[in-house]
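This report walks through selected contacts and packing features of the structure shown below. It begins with charged side chains and then turns to the sheet, a loop residue and the surface.

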Amino acid sequence: MDEEAGADAPKLPLPESFLDFLNDNGLDPSIYVASQSTPRYIRLKPGCNTELSEIEAEIEYKLEEVCWMPNFYYLPPDVRIASTKAYQNGKIYGIDAASGAAVFALDITPGDHVLDLCAAPGAKLCMILDLLGCSGSVTGVDVARHRLAAARTMVQKYNLGDHCRLFVANGSTFSLTPSRVESNHSSCNAEAEENPVIYNEWSPRRPWKERKRMAKARKDIASNNCSQIQEPELIFYGRHSGVVGLSKRDLFRNINDLELSQFGYDKVNRTIYQSSHVS
């Protein structure tokens, strides 16, 4: 919703049950109706600290750092960032403090393999990738294809895609492990298949036959009203995400409990709600 339009919109009354909750917990209800006082935040991309003064000059505001979260800064509600060069060039992210706190709570360390459920629109996903650097991997999962496509665009914009793979899937049934899994089966799977599908480096230009196959698969899912568990749809993978060189059978194969305990994800982000506050 456009902020300027929202400022002129009539104030709707808060639900009685919500007011009771606020009163029981000593919270002032006015903070939920005064949109102009609602805090917003940005996150500075690692390595861009030296450009902070330039960013402040562009937005015409002296940024105040959030003391309990590195690289996070308070932003006034009336400051727009979407049209700034800093945002367009991938130097800052629009992300709320709650999302940042959820990522910091994971205590991510280099080399971790992280599962990010409800990954769209991608601000937390990018933060996880920034923390990992050139190691580990992130598997992003979201049930909404169009929202996950936006996360894919975001990952590419900030040049963070090398260690990332994205699946359209229901997070409650998603069971694929990181592609670091090795087993005696994987070496012979490609030979066992008559015409194995091998993943080369990802390209946004998909072959016509593959586009036709995926369109048919989505149509079948819609016609079945999603009553059956569908195979996850891989819509993006980086060169170091563990997918390149695998056969489709290897990527989507079932594993036993022992492999799962040894080669599963190190961290799982299950935060349902995320707002990027980009305007």
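Asp130 counts as buried in this predicted model, because its relative accessible area of 16% falls under the 20% cut-off for that class. Its salt-bridge partner is Arg43, with the closest N and O atoms 3.0 Å apart, and Arg43 is likewise buried, at a relative accessible area of 4%. Since Arg43 belongs to strand β1 (residues 40-44) and Asp130 to helix α6 (residues 123-132), the pair ties together parts that are 87 residues apart in sequence. Lys45 also takes part here, for Arg43, Lys45 and Asp130 are linked in a network of salt bridges.

The structure holds nine salt bridges, and the table lists three of them with the N to O distance and the relative accessible area of each residue.

| Salt bridge | N to O distance | Basic residue, accessible area | Acidic residue, accessible area |
|---|---|---|---|
| Arg43–Asp130 | 3.0 Å | Arg43, 4% | Asp130, 16% |
| Arg145–Glu233 | 2.9 Å | Arg145, 31% | Glu233, 11% |
| Arg239–Asp162 | 3.8 Å | Arg239, 48% | Asp162, 35% |

In the pair formed by Arg145 and Glu233, Arg145 is partly exposed, whereas Glu233 is buried. Arg145 lies in helix α7 and Glu233 in strand β8, so this salt bridge ties together parts that are 88 residues apart in sequence. The salt bridge between Arg239 and Asp162 joins two loops: Arg239 sits between β8 and α10 (248-251), and Asp162 sits between α7 and β7, with 77 residues separating them. Arg239 is partly exposed, and Asp162 is partly exposed.

Strand β8, where Glu233 is found, is also part of an open sheet of five strands, which run in the order β8-β7-β6-β5-β9 with mixed pairing. Because β8 (233-237) and β9 (267-269) stand at the edges with a single partner strand each, one side of each is left without a neighbour in the sheet. On average, and with direction ignored, neighbouring strands of this sheet are turned by 20° against each other. Helix α7 (residues 145-157) packs on the sheet, where it touches β6 (137-142), β7 (164-168) and β8, and the direction of the helix makes about 15° with that of β8. At the β9 edge, strand β5 (residues 113-117) pairs with β9 in the parallel sense over three bridges, and Leu115 has Val268 of β9 as its bridge partner.

Which residues does Thr177 touch, leaving aside those up to four places away in sequence? They are Arg165, Ile255, Leu260, Phe263 and Tyr265. Thr177 is placed in the loop between β7 and α8 (186-192), and with a relative accessible area of 12% this residue is buried. Thr177 and Phe263 are 86 residues apart in sequence, yet their C-alpha atoms are 7.3 Å apart in space.

At the surface, Phe21, Leu27, Ile31, Tyr32 and Val33 make a nonpolar patch of about 440 Å². Phe21 belongs to helix α2 (residues 16-24), and its relative accessible area of 44% makes this residue partly exposed.

Note on methods:
Residues numbered from 1 in each chain as written. Predicted model: local features only at pLDDT ≥ 70, side-chain atom pairs only at ≥ 80, totals over all residues. Heavy atoms only, no water. Patch = residues over 30% accessible without salt bridge, like charges linked within 9 Å, V, L, I, M, F, W, Y side chains within 5 Å. Areas by Shrake-Rupley, 256 points an atom, 1.4 Å probe, with all protein chains shown as cover. Salt bridge = Lys/Arg side-chain N within 4 Å of Asp/Glu carboxyl O. Helix = DSSP H or I, 4+ residues; strand = E, 2+ residues; numbered from the N terminus. Buried < 20%, exposed > 50% of the residue type's maximum accessible area, 1.4 Å probe, protein only. Pairing = 2+ DSSP bridges. Axes fitted to C-alpha atoms, helices over the stretch in contact; angles between N-to-C directions. Contact = heavy atoms within 4.5 Å.
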